[in-house]
Number of protein chains: 2
Amino acid sequence: MSEPSRNLAIVIDAADPDRLRDFWVAAMRYEPYGSAGAYRSAAPSQGSIGPKLVFQQVDDPRTGTKNRLHIDIIVGDEIEHEAERLEALGARRLTGLIVEVGTSWIVMADPEGNEFCLVYDT
Amino acid sequence: MSEPSRNLAIVIDAADPDRLRDFWVAAMRYEPYGSAGAYRSAAPSQGSIGPKLVFQQVDDPRTGTKNRLHIDIIVGDEIEHEAERLEALGARRLTGLIVEVGTSWIVMADPEGNEFCLVYDT
């Protein structure tokens, strides 16, 4: 293809964008990036790559509905250690280790209840 | 920091994961990547960077609730041209051009109604 792939960011609604950013910065080993109005952002440290994350303050609370989009955090065989680290940061485990289609993962939720998967990439 | 930032993928629930992948492949100028069970994935072309996108077939339809996470597609001053291209691929415009906090964007929806923003990055 003649044109490069598009630049992409992930925007997450938040009741408390500062706290949610703190969680995801620690989870992803990102760094705080910027702040404007209702928005806070985070980006990989210099030398790393990954999409920018943006946390947008919204007044409407999460409903009980599962998010239609979610983040997978890809890790190696330190998955159990990583799940414990994320719990210590304020995440919750929603499942045990699920093994399917040649992959395994744990479903977790961030401090505001957004589901994400911790995925073991062989 | 001593450890690199985490690898991340974005997983999108889909009624029709093949069709939704086709849309996002064209929208992001990605390429189809793999297929396993209820999952289809897409990744940047060789030489480009960006997170893997995974489309997961689910039976529960989208509710009317706005997604708590969404994707921003970052473009330059071809934003209007790009909005037209995405409409031709099956997206809908949900707003006109919104100008706020030094940025401007158009809110759109993919063929399954998932909101995303087309963001003009100056």
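Reader: In which loop is A:R68 found, and is A:R68 buried or exposed?
Author: In this predicted model, A:R68 is found in the loop between strand 4 (52–57) and strand 5 (69–75) of chain A. Since residues under 20% relative accessible area count as buried, the value of 8% for A:R68 places it in that class. The answer is therefore the loop between strand 4 and strand 5 of chain A, with A:R68 buried.

Reader: Leaving aside its neighbours within four places in sequence, which residues is A:R68 in contact with?
Author: The contacts of A:R68, with neighbours within four places in sequence left aside, include B:V11, B:I12, B:D13, B:A14 and B:A15. The list continues with B:V58, B:D60, B:P61, B:R62 and B:N67, and it ends on B:E112 and B:N114.

Reader: In what order do the strands of the sheet that includes strand 2 of chain A follow one another, and how is the pairing described?
Author: Eight strands form this open sheet, and strands of chain A and chain B both appear in it. The order is 2(A)-3(A)-4(A)-1(A)-5(B)-8(B)-7(B)-6(B), and the pairing is mixed.

Reader: Why is one side of strand 2 of chain A and of strand 6 of chain B left without a neighbour in that sheet?
Author: Strand 2 (30–36) of chain A and strand 6 (92–100) of chain B stand at the edges of the sheet. From one strand to the next, the twist averages 25°. One side of each edge strand is left without a neighbour because each has a single partner strand.

Reader: How many bridges join strand 7 to strand 8 of chain B, and which residue is the bridge partner of B:W105?
Author: Strand 7 (residues 103–109) and strand 8 (residues 115–120) of chain B run antiparallel, and the bridges that join them number six. Within strand 8 of chain B, the partner of B:W105 is B:V119.

Reader: Which strands does helix 1 of chain B lie across, and at about what angle does it run to strand 5 of chain B?
Author: Helix 1 (residues 17–28) of chain B has 12 residues and reaches 16 Å from its first C-alpha to its last, close to the 16 Å expected. Its buried residues include B:L20, B:F23 and B:W24, and the helix is followed by B:R29, whose phi is positive, near 55°. Helix 1 of chain B lies across strand 1 (7–14) of chain A together with strand 5 (69–75) and strand 8 of chain B, and its angle to strand 5 of chain B is about 35°.

Reader: Which residues have the most contacts inside the largest nonpolar core?
Author: The largest nonpolar core has 52 residues. With neighbours within four places in sequence left aside, the contacts of B:W24 include B:I12, B:L53, B:F55, B:I71, B:I73 and B:F116. The residues with the most contacts inside the core are A:W24, A:I73 and B:W24.

Reader: Is B:L8 buried or exposed, and what distance separates its C-alpha atom from that of B:G50?
Author: B:L8 is found in strand 1 (residues 7–14) of chain B, and at 4% relative accessibility B:L8 counts as buried. Its contacts beyond four places in sequence include A:I10, A:M28 and A:L53 as well as B:P51. B:G50 lies 42 residues from B:L8 along the chain, and their C-alpha atoms are separated by 9.4 Å.

Key: Residues numbered from 1 in each chain as written. Chains lettered and ligands numbered in written order. Predicted model: local features only at pLDDT ≥ 70, side-chain atom pairs only at ≥ 80, totals over all residues. Heavy atoms only, no water. Helix = DSSP H or I, 4+ residues; strand = E, 2+ residues; numbered from the N terminus. Expected span 1.5 Å × (residues − 1). Buried < 20%, exposed > 50% of the residue type's maximum accessible area, 1.4 Å probe, protein only. Pairing = 2+ DSSP bridges. Axes fitted to C-alpha atoms, helices over the stretch in contact; angles between N-to-C directions. Contact = heavy atoms within 4.5 Å. Core = buried A, V, L, I, M, F, W, Y, C linked by side-chain atoms within 4.5 Å.
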